[in-house]
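Biologist: Please take a close look at one part of this model, the strand pairing in the sheets, and describe what packs around it.

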Amino acid sequence: MIIKDISNRLRATINSVSFKLKQFSGSVLYRSPLKSIKFKNPGKFKVIIFHESHVNEIGEMILYDIEHFVYSPFHDIFITTNLMLLCIKNIVYLNLPRINSPMKFLGEIFKVYVLSLIEYIDPSVVITFYDDSILFQRISRLYKKAEFYAIQNGLRQKYNFENWYPKDYQFSMPHFFCFGKLYTDMYRDLNYKIDNFYCIGSLRAGYYMTEISKNKRQNTRFDICIIAEFYPLDRELDEENWRGVQGIGRLMRKYVDEHQLSYCLALRWDSNRKEYIEEQKYFKNLYEDKVTFIEHSRFSVYEAIDKSDLVVAFYSTSAIEALGYGKKVFLCNTSGHSGLNMPINNICSLNELDYDKFKEKLNYIRYMDYNNYLEIIQKDREYLMNFDQQNPPHIFIRSMVNDVLGTKK
């Protein structure tokens, strides 16, 4: 009873500060409460997946036959004598000048705890699909006995770094698997400290195109695929993003009314999520029955893109992924913020809320000869989403992991 009471009290205490600690980690999506407190050591593993979300991508695409430990900060806390002793040893890694508030003190203590946990597990590789996790990045600079691999999971623009992350923080990590050379240029311009860039494209899209799509016969069913970029209205969404979502919606609705084509809308949220209902309501009010809704599942957006001739979006990772493997793509930034403009050929983009220009450019790219299109955007494809079908990301990264572990590829 005493241990159970201590466990419950610890869980309540940690949950009460978990959101601010999650802000410390650099991932605002981690809001679920602590799942368990374990009074045992976690075991020894050669590979750690850092953060449990999207564990399927790494576990199934890269580490499918490699034993690994999934560590989720803020979900599972291990409390043992061994870990406490390591924490005492590693207290020297507290960044004292950074501690100017109680929450930053807790953040530094938590950093030392995570460092100690990893030291106990003794991995050779620590890998994450949350490349913007500040906690992962900080640990990667402190623990020297493992290779730390971060895989890019979404678009990044200077606008995002200026508005979503702590003002005083510089991204820093040893290995970064990124979409394309855009990110080597951008991170260096921002004075971020990335030791090694690997411009290999998108892990998800590369896996879909080389392992799933090749085994499916995808008949084109739609002229245009619209990427749904919807966040619930109660989500902390900045004004520019929401204005962009609304703007592209108004333009596309008018285009749909004027052009009798086949359209699909690739939804963002799973049907078991509360956001799903709001997303359905928003787009049904917008498009009524004029477009085919594609329910969200693991690879549904790629399947929708695969079945369409052209992709239209405001600011979408999926659209840039489609560009990488050769789809016609049209991006329209209606937010009014230049920081969300994509550095892409003018034929593929519009950066204002002007329907006549929107219609003209969209029709132009629709009717353009496909081979001519590919020739024009080749440099953009390599710069934004450097997809190599002969050596896709899951193969490239697995090879590097195996090199560290000394196992067969």
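**Strand pairing and packing**

Modeller: In E7, the residue that bridges to Ala-150 is Phe-176. This and everything below is read from a predicted model. Ala-150 falls in strand E6 (residues 147-151), which pairs with E7 in the parallel sense over three bridges. Helix H4 (residues 102-121) packs on the sheet, where strand E2 (47-50) and E3 are touched by H4. The direction of H4 makes about 175° with that of E3.

The sheet itself is open and has six strands, in the order E3-E2-E5-E6-E7-E8, with parallel pairing. Strand E3 (69-71) and E8 are at the edges with a single partner strand each, so one side of each has no neighbour in the sheet. From one strand to the next, the twist averages 25°.

On the other side of E7 in that order comes E8. Strand E7 (residues 172-178) is joined to strand E8 (residues 193-199) by six bridges, and the two run parallel. One of the bridge pairs is Ser-172 with Lys-193 of E8. Helix H7 (residues 181-189) belongs with these two strands: E7, H7 and E8 make a right-handed β-α-β unit.

An aromatic pair also involves this region. The structure holds 41 aromatic pairs. In one of them, the ring centres of Phe-171 and Tyr-187 are 6.1 Å apart and the planes stand at 85°, so the pair is edge-to-face. Phe-171 lies in the loop between helix H6 (158-164) and E7, while Tyr-187 is in helix H7, so the pair ties together parts that are 16 residues apart in sequence.

There is also an open sheet of six strands in the order E11-E10-E9-E12-E13-E14, again with parallel pairing. Its edges are strand E11 (292-294) and strand E14 (349-350), each of which pairs on one side only. Within this sheet, strand E9 (residues 222-227) and strand E12 (residues 308-313) pair in the parallel sense over four bridges. Ile-226 has Val-312 as its bridge partner in E12. Helix H10 (residues 274-287) packs on the sheet and touches E9, strand E10 (263-266) and E11. The angle between the directions of H10 and E11 is about 160°. Helix H12 (residues 317-324) lies across E9, E12 and strand E13 (328-332), and runs at about 150° to E13.

The helix H10 also meets H9. The axes of H9 and H10 come within 9 Å and cross at roughly 35°. On the H9 side, the contact is made by Trp-242, Val-245, Gln-246, Gly-249, Met-252, Arg-253 and Val-256. On the H10 side, Tyr-282, Leu-286 and Tyr-287 make the contact. By class, these residues divide into seven nonpolar, two polar and one charged.

H9 has a contact with H13 as well. The axes of helix H9 (residues 239-258) and helix H13 (residues 355-367) come within 10 Å and cross at roughly 65°. This crossing of H9 and H13 is right-handed. From H9 the contact takes Ile-248, Leu-251, Met-252, Lys-254, Tyr-255 and Glu-258. From H13 the contact takes Tyr-355, Phe-358, Lys-359, Leu-362, Asn-363 and Arg-366. The contact of H9 with H13 has seven nonpolar, one polar and four charged residues. Met-252 of H9 appears in the contact with H10 and also in the contact with H13.

Notes
Residues numbered from 1 in each chain as written. Predicted model: local features only at pLDDT ≥ 70, side-chain atom pairs only at ≥ 80, totals over all residues. Heavy atoms only, no water. Pairing = 2+ DSSP bridges. Right-handed = clockwise from strand over helix to strand, strands pointing away. Axes fitted to C-alpha atoms, helices over the stretch in contact; angles between N-to-C directions. Left-handed = near helix turned anticlockwise from the far one by under 90°. Contact = heavy atoms within 4.5 Å. Nonpolar A, V, L, I, M, F, W, Y, C, P; charged D, E, K, R; others polar. Phe/Tyr/Trp six-rings, centres within 6.5 Å; stacked < 30°, edge-to-face > 60°.
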